[in-house]
Amino acid sequence: MRIAIIGQQAFGASVLKAFLERGDEVAAVFCAPEKEGTRPDPLRTAAVERGLPVFQFPSLKSDAARDALRGLDVELGVMAYVLQFAPQDFVTIPRHGTIQYHPSLLPKFRGPSSINWPIIKGEKETGLTIFRPTDGLDEGPVILQKKVAIGPDDTLGSVYFDHLFPLGVAAMLEAADLVVAGHHTETVQDESQASYEGWCRDKEAEANWHTHLDHLHDLVRGCDPAPGAWTTIAGKKVRLFEAKKHPARRFGDVKGKPGVIAAIGGQSVQIVAQGGLLEIGRMRTEGGPKSSAADLLQALGLSVGDQLA
């Protein structure tokens, strides 16, 4: 089939590679312009290396973007990790329209941080959706879905890179075949089951030591590796990674107030929370490298019994 790929970053580059490797024709690639001082976009780099035309429009709502896509005469548009708004008069130009990838089981967890939030909220399952883009945010009819279990020690990184990324690339190929062959179905999303979550950023990633151990554990996992759950230690913002929880078996097993350092040993530290101890394996200060949590706390002059923020 002859397609146009709209996307960015490593996922977009992998989708491009997958279509090309099986013999499809990629007429061109659309990706957002890079901000000054940032690294080259992997999708743009991959397209240039293969001699493909690349369009980088500041907005896909422009006449120039529509004219470029119309001139390609493609069968299908493939949206692989797109942060730019793509209006209907753009996505409907290909003969079979456009399909879009979203890393959650729509209509749940619409929005830009849809991998973080199911983990942070303690969900046991997530997945991916291939759907028709509409002018609503992640609201279009569903073509294909794949489910992914969230294990008790999974992180944002493991759920995405081990599951949602490779499954998503394969699902894009599968959905494209169904749509071009006319064998697909389009299921309207059930709005009564819909949820929207905004960005998971620093405000949302701050650890509150007075919340329950389960919540703290899920927060660190859901922000690992990005944006990184954080707390204040010795006046410095410190990011927390590689969390494990140690629930108290009975009342009184855990001594100390929430946020108190209960143990420092080996590479990790244990911190008191409601319902048990939260073990953190690695930490980093703002702008610094990750190091063992034990080494960092000792470098900051903290010891067992000291209170975090």
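A salt bridge is taken here as a side-chain nitrogen of Lys or Arg within 4 Å of a carboxyl oxygen of Asp or Glu. By this rule, 19 salt bridges are counted, and Asp202, Lys237, Arg239 and Glu286 are joined in a network of them. The model is predicted, with local features needing pLDDT of at least 70 and side-chain atom pairs counting only at pLDDT 80 or more, while totals for chains, interfaces and linings use all residues. Residues are numbered from 1 along each chain as its sequence is written, and side-chain values use heavy atoms, leaving out hydrogens and water.

A good place to begin is the pair Arg2 and Glu25, whose closest N and O atoms lie 2.5 Å apart. This salt bridge links distant parts of the chain, from Arg2 in strand 1 (residues 2-7) to Glu25 in strand 2 (residues 25-30), 23 residues apart. Helices (H or I, at least four residues) and strands (E, at least two) are DSSP runs, numbered from the N terminus.

Asp67 and Arg70 offer a more local example: both lie in helix 3 (residues 63-72), 3 residues apart, about one turn of the helix. Their closest N and O atoms are 3.2 Å apart.

Glu197 forms a salt bridge with Lys121, with 3.6 Å between the closest N and O atoms. The two sit in separate loops, 76 residues apart: Glu197 between helix 6 (156-181) and helix 7 (202-205), Lys121 between helix 5 (116-120) and strand 6 (125-131). Glu197 is buried, at 17% relative accessible area, whereas Lys121 is partly exposed at 47%; buried means under 20%, exposed over 50%, and partly exposed in between (1.4 Å probe, protein chains only).
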